[in-house]
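Colleague: Could you take a close look at one part of this model for me? I'd like the charges first, then one residue seen against the whole chain.

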Amino acid sequence: MAKSRKKRPARRLPPWVGWAARIILFGIAVLWPAPLRWHVTGTGLDPSWAFALNYAHAKGLVFGRDLVFTYGPWSWLTLPQAAGESLGAALAFQFGLWIVYAGALAWMWFVQRPPLVSLALFALAVSQGSEAFHQFGHAGPDLFLVFLVFVLLACSLVARRWWIF
């Protein structure tokens, strides 16, 4: 006669383990792509147009009348250089973008609480893809801005209303 096996209830981890994993993954996803960058003036095509855009802002040139370029009148915020007083404002802008990103992820991580596997995959993808924010010459902060728009779009699709905070 075969013995009937009793099913043991699955062991559950203490709640603090899930919260600790959530906080660690949050830290990886937020701190890894930190988009704060500035550029030094140099020779070549990219450094010269970055300087020209910062110089134009510092001298008060009007975009469209005195200067035309595809990046637009706010380009000095994503291409900061020490031209005039613009470096501090541009770094504050980039820090503000990073705070909005951290707030959106905090809302997703701790309010919506998706499964840890999803958060781990997101943190892994951000850690692997964040080189795009740092490596592509002068195009890093604007790539982060596009990424932030997609994160906010994803948050708005999950939320019941279009604003998430």
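Modeller: Happy to, and I'll start with the charges. The side chains of the chain include 14 positive and 5 negative ones, with 39 Å between the centres of the two sets. Keep in mind that this is a predicted model.

Now to the residue, Ala-120. You'll find Ala-120 in helix H5, which covers residues 116–129. Is Ala-120 buried or exposed? Neither label fits: its relative accessible area is 32%, and buried would need under 20%, exposed over 50%, so Ala-120 counts as partly exposed. Look across from there to Arg-22: the C-alpha atoms of Ala-120 and Arg-22 sit 8.6 Å apart, although 98 residues separate the two in sequence.

Then there's the chain around that spot. Helix H5 belongs to a chain with seven helices and zero strands, so if you walk from the N terminus you simply read α-α-α-α-α-α-α. Among contacts with a separation of 6 or more, 72% join residues 24 or more positions apart.

As for overall dimensions, the radius of gyration is 22 Å, whereas a compact globule of 165 residues would come out near 15 Å. Along the principal axes, the C-alpha atoms take up a box of roughly 95 × 35 × 25 Å. Buried residues account for 32% of the 165 in the chain. The exposed surface comes to about 11,100 Å², with 68% of it supplied by carbon and sulfur atoms.

Methods: Residues numbered from 1 in each chain as written. Predicted model: local features only at pLDDT ≥ 70, side-chain atom pairs only at ≥ 80, totals over all residues. Heavy atoms only, no water. Helix = DSSP H or I, 4+ residues; strand = E, 2+ residues; numbered from the N terminus. Rg over C-alpha atoms; globule rule 2.2 N^0.38 Å. Buried < 20%, exposed > 50% of the residue type's maximum accessible area, 1.4 Å probe, protein only. Contact = heavy atoms within 4.5 Å. Areas by Shrake-Rupley, 256 points an atom, 1.4 Å probe, with all protein chains shown as cover. Lys, Arg positive; Asp, Glu negative; His and termini not counted. Charge placed at Lys NZ, Arg CZ, Asp CG, Glu CD.
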